[in-house]
Every structure is written in C-alpha cells, then in structure tokens.
Amino acid sequence: MAQAQAQTQLKSQRSERDWPFKVKPLHPLLGCEITDITLAEAVSPALFAKVYEAFLAYELILFRDVDLPPATQVAFARNFGEVQVHVLSQYHGYKEHPEIYMLSNLDKDGKPSGKHPDRGTLYWHTDGSWKERTGQATMMYSEIVPETGGETEFADMYSAYDLLPGGMKAKIEGRRAIHNFDFSRTRRHGEDPLTAEQKAKVPPVAHPVVRTHPQTGRKAIFLGDHAESIEGMDYAAGRALIEELNAMITQPAGVYTHRWAPRQCLVWDNRCTLHRATGFDEANEIRVMRRCTIVGDKPF
Ligand code: SIN
C-alpha cells in the first residue's frame, strides 16, 4: 500500500515536468530512457541542466545506440563533476584515460578468461561509498554484452527508507556505518586484495546510515557491501544489523533490472540507489563495460 502511494506521488511529480526531450520510465520507482536527443546534445550547455533534472528525478538515465569512445566518455562524464581515478589501477583501461574503469573478462589473447573481472560488483553496493567524498554518479557504457546474464540491478534507496518499519527507523536514527574498501575487496575478491599502497590511500570512513540527498533533500539509506560495521556498536551486532538492512532495502519490488545491449550508456545516482551486476558464463561469453564514476560530496 505504502509502495503504491509512493509510486503515485512520484508519477505526478515527474509528469508535471516539461522535458525538452522524450522520457520513458523504465520502472515505477526509478529509471528512464531519454530519446529524441543524442547524448552529445544531452551534455550541451543548452540541455544539460534539464538532463540533470531528469537524472535527479529518475535516479538513472539511459541512452541507447550511442557511439562513445573512451575520450568522449570521460569528457561527457565531466559535465556531472570531477571524474574519479580509481585506486585499483589494475582496472584502468587506458593509459591516457585513467578515469575509465574497465570491466572485461577478455584475456590478453582476446578470449573469455573464465574469470569475473570484479566479483565485488556482484553484491549490492554504491560506488565510492568507501571514500570521504562518495560517488555522485556513475556513467557505464556497454561495449560487448553476453547473450545471457550480465544484467545490472538497481535498488531505489528513497523508497527503501520510506518503507522501513518505524522500529527500524528509530534503531538507525543518527547511526553511522564504517565503509571499508579493504574489507569488501578482501571478502569478495580475496585473491587480488588491495596492495599496502592502495590500502593506505583508502582508510575506513564513517557515513550516516540515512543520508539526505544534497540536491533533492530526500532521505535515502546509504549502506551496501562496503559497509563493514556500525560506529559505537559491538562489531557482531553491527554486522548483523548491516546484513539485515541490506536485505530489507533490496526487496524485488524496489529493483529495476537493466538488460544491456551493446552501445548503451547508463548514468545512475549513487546517492539514492544501490546496484549490483548479475553473473554470466565468463568462460564462454564476453562482457566488456567501461565505467566512469563522478565524485560527489561528503554525505550528511
Ligand atoms: C558496478 O558495480 O559498478 C558495475 C556493475 C556492472 O558491471 O553491471
């Protein structure tokens, strides 16, 4: 019932807008496809402010059939803000564009390697939550996608907060979670952990469990797989609370599953969504994606 009410309210808020392009919702709670303009037009001074409004309203925007060479991807991503250079330098796809994080299962001979490039991405998370200034947006481009699997799922963290039972809201009021990239990387991709140098660059950081989106003013849950413990709480109790919450906030009704086709560009808001990739046959299929994360601010 509460979910249906939230959906109706959202629908009217969005339809009141007069967009200078076509907007097609992808899910009742989040996501839209933008058509009738090219991505190059979308980032032009004339249109970007409106595109950014759609990004804030829908949390995720999709452009299909886009040619997006790496240099253009970085240039487009810069319209959203400063583009991060990821601490895991082994994923930098291009020497001249260190802002691009490559997710590819191709080996050096161009054959499927049989390995997932980053198993951490298979668990619900939000990009860069392990940094002081967390991810604002992520722009992902699909070069090659598998026939089966390899989708990306997105969960809406506004409704996740709105729908939490009162008792749970009271329990997490004012709480901060400690996000630790070394923890999540070791847990999910332990054969290739952070080096001592990488670890020194990303010390654990505390962020509110409920954050206020700096632009929409709405409250959203801010947790996911990088959250290790709860400040001021016994470690095991904090872990149990994080696991319980991570399950509660990713219920299927609040999740949009994106089935990729090649040449798509998706930009999502890391401040009000969690996402995860789904698996695929890494030994026989190919998945090559390029990601740029745009730096945001310190959550409050
Ligand atoms: C990510 O977790 O940032 C990437 C998701 C994906 O590969 O679908």
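Why is there no bond between the sulfur of C292 and the closest cysteine sulfur, in C265? The two sulfurs are 9.1 Å apart, which is too far for a bond. Please keep in mind as we go that this is a predicted model. A disulfide is a covalent bond between the sulfur atoms of two cysteines. A search of the whole structure finds 0 disulfides, and C265 is accordingly in none, its nearest cysteine sulfur being that of C292. Both cysteines are out of view from the surface: C265 counts as buried because its relative accessibility is 0%, and C292 is likewise buried with a relative accessible area of 0%.

C292 makes a handy doorway into strand β16, which covers residues 288–295. Here 8 of the 8 residues are buried, so the strand is mostly covered. In a regular strand the side chains alternate between the two faces of the sheet. In β16 both faces are covered: V288, R290, C292 and I294 are buried on one side, and M289, R291, T293 and V295 are buried on the other. Strand β5 (residues 97–104) pairs with β16 in the antiparallel sense over 4 bridges, and L103 of this pairing has M289 as its bridge partner in β16. Strand β6 (residues 135–144) is also antiparallel to β16, and 8 bridges join the two. Within that pairing, Y141 stands opposite R290.

Several of these names come back when we turn to the ligand. The residues around it are L103, T121, H125, D127, M140, T152, H275, A277, R287 and R291. Three of them place a polar side-chain atom by a ligand oxygen. For T152 the distance to an oxygen atom of the ligand is 2.6 Å. For R287 it is 2.8 Å, and an N or O atom in the side chain of R291 lies 2.7 Å from a ligand oxygen. R291 is also one of the buried residues of β16.

T152 leads us on to strand β7, which spans residues 152–156. β7 sits in the middle of an open sheet of 3 strands, in the order β13-β7-β15, with antiparallel pairing. β13 (255–258) and β15 (273–277) stand at the edges; each has a single partner strand, so one side of each is left without a neighbour in the sheet. From one strand to the next, the twist averages 20°. Between β7 and β13 there are 4 bridges, and A155 stands opposite V255 of β13. Strands of a sheet pair through backbone hydrogen bonds, either parallel or antiparallel.

A second open sheet of 3 strands has the order β9-β8-β12, again with antiparallel pairing. Its edges are β9 (205–208) and β12, and because each has a single partner strand, one side of each is left without a neighbour in the sheet. Neighbouring strands here are turned by 40° against each other on average, direction ignored. β8 and β12 are held in register by 3 bridges, with A227 in β12 as the bridge partner of H179.

Strands β8 and β12 also take part in the packing around helix α7. How enclosed is α7 by the rest of the structure? It is largely enclosed, because 6 of its 8 residues are buried. The buried ones are F181, D182, F183, S184, R185 and R188. They pack against β8 (176–179), α8 (196–201), β12 (227–230) and α9 (235–248). At the start of the helix, a side-chain oxygen of N180 comes to within 3.1 Å of the backbone nitrogen of D182.

S184 rewards a closer look. This residue belongs to α7, residues 181–188, and counts as buried because its relative accessibility is 4%. Its side chain reaches the backbone oxygen of F181 at 3.3 Å, and a polar contact of 2.6 Å joins the side chains of S184 and H226. Setting aside neighbours within four places in sequence, S184 is in contact with H189, D225 and H226.

For contrast, consider A200 in helix α8. Is A200 buried or exposed? A200 counts as exposed, because its relative accessibility is 62%. A200 and S129 are 71 residues apart in sequence, and their C-alpha atoms are 16 Å apart in space.

Definitions and conventions:
Residues numbered from 1 in each chain as written. Predicted model: local features only at pLDDT ≥ 70, side-chain atom pairs only at ≥ 80, totals over all residues. Heavy atoms only, no water. Buried < 20%, exposed > 50% of the residue type's maximum accessible area, 1.4 Å probe, protein only. Polar contact = N/O pair within 3.5 Å; in protein donor to acceptor, adjacent residues only side chain to side chain. Contact = heavy atoms within 4.5 Å. Pairing = 2+ DSSP bridges. Axes fitted to C-alpha atoms, helices over the stretch in contact; angles between N-to-C directions. Disulfide = S-S within 2.5 Å. Near = heavy atom within 4 Å.
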